[in-house]
Amino acid sequence: CEALAAAVDAEHDCIRDTVDGAPDCQLNLTCEELSALIGAAHVEAIAAVARALDLRGGGGRQRELAMVEAFVRKYTPATRPWHPFHQDRARITVNVALSDDSQHGGGRLLGLFADGVVRFDRAAGDATVHFSRVVHGVSRMEHGTRYALIVFLGEEPPVRRTLGPDGVWTRAVDV
């Protein structure tokens, strides 16, 4: 966790996010770069939990899920204070907390389910694994710094939904 947080602090891009256009302080990683930072065994563990969810969720059989994207994201009240509700662009998302939720105010991972919003309280190293179609976001940062490793695995879906700042859902179709 510390190596990934240090890596995004040392070298990151402040680009516009594809979900809401807000600036993102994140370090994009290839599979090889991620392996160099955390070790091949940890990268395989991430892939294994994704394959297990895929199998339970109707994947039919155990299959390889290619890494679509991986990045470390840094949240602070001044730079990236929240992330709106959205869906990701792969089959499975693995979101690893690189900092304890107790070390910062706000910045909680939230999931939107049929019975309402669920807040996930996590310690450094805890992973939340979900189908990328699950609508989720990050609550507003109040103080401190939040770090997360995000890994998308499997094929990219043709349609994504994003909740805009005006409360209206938009659909993007990849062609």
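What follows is a chat about how some labels in this predicted model are earned.

Me: Before we start, what kind of model is this, and how are residues numbered?
Reply: It's a predicted model, where local features need pLDDT of at least 70 and side-chain atom pairs count only at pLDDT 80 or more, while totals for chains, interfaces and linings use all residues. Residues are numbered from 1 along each chain as its sequence is written, and side-chain values use heavy atoms, with hydrogens and water left out.

Me: What is the protein made of, in helices and strands?
Reply: It has three helices and 14 strands. Both are DSSP runs numbered from the N terminus: H or I over at least four residues for a helix, E over at least two for a strand.

Me: Why is α1 called oblique to α2?
Reply: Helix α1 (residues 2-10) and helix α2 (residues 31-38) pack at about 125°, with axes 9 Å apart. The axes are lines fitted to C-alpha atoms over the stretch in contact, and the angle runs from 0 to 180 degrees between N-to-C directions. Under 35 degrees counts as roughly parallel, over 145 as roughly antiparallel, 65 to 115 as roughly perpendicular, and the rest as oblique. An angle of about 125° falls in that rest, so α1 is oblique to α2.

Me: Which residues meet there, and what makes them nonpolar, polar or charged?
Reply: A3, L4 and A7 in α1 meet L34, L37 and I38 in α2, where contact means heavy atoms within 4.5 Å. Ala, Val, Leu, Ile, Met, Phe, Trp, Tyr, Cys and Pro count as nonpolar, Asp, Glu, Lys and Arg as charged, and the others, Gly among them, as polar. The tally here is six nonpolar, no polar and no charged.

Me: How do you know that R51 and E44 form a salt bridge?
Reply: You need a side-chain nitrogen of Lys or Arg within 4 Å of a carboxyl oxygen of Asp or Glu. R51 and E44 have N to O at 2.5 Å, and that makes a salt bridge. A search of the whole structure finds eight salt bridges.

Me: Is R51 buried or exposed, and where does E44 stand?
Reply: Buried means under 20% relative accessible area, exposed over 50%, and partly exposed in between (1.4 Å probe, protein chains only). R51 is at 10%, so R51 counts as buried. E44 is at 39%, so E44 counts as partly exposed.

Me: What makes D121 part of a salt-bridge network?
Reply: D121 pairs with R108, the closest N and O atoms being 3.5 Å apart. R108 sits in the loop between β6 (105-106) and β7 (109-113), and D121 in the loop between β8 (116-120) and β9 (127-131), 13 residues apart. D121 also pairs with R119, at 2.9 Å between the closest N and O atoms. The network links D101, R108, R119 and D121.

Me: Why do R108 and R119 get their accessibility labels?
Reply: R108 has 16% relative accessibility, so R108 is buried. R119 has 51%, so R119 is exposed.

Me: Why is the F71 and F152 pair called edge-to-face?
Reply: Rings of Phe, Tyr and Trp (its six-membered ring) pair if their centres lie within 6.5 Å; planes under 30 degrees apart count as stacked, over 60 as edge-to-face and the rest as tilted. A search of the whole structure finds one aromatic pair: F71 and F152, with 5.8 Å centre to centre and 80° between the planes, are edge-to-face. F71 lies in strand β3 (residues 67-75) and F152 in strand β12 (residues 146-153), 81 residues apart. F71 is buried at 5%, and F152 is buried at 5% too.

Me: What makes S139 partly exposed?
Reply: S139 has 21% relative accessibility, so S139 counts as partly exposed. S139 lies in the loop between β10 (135-138) and β11 (141-143). Leaving aside neighbours within four places in sequence, S139 touches P81, W82, G106, G107, R108 and L110.

Me: And why is H83 called buried?
Reply: H83, in strand β4 (residues 83-86), has 3% relative accessibility, so H83 counts as buried.
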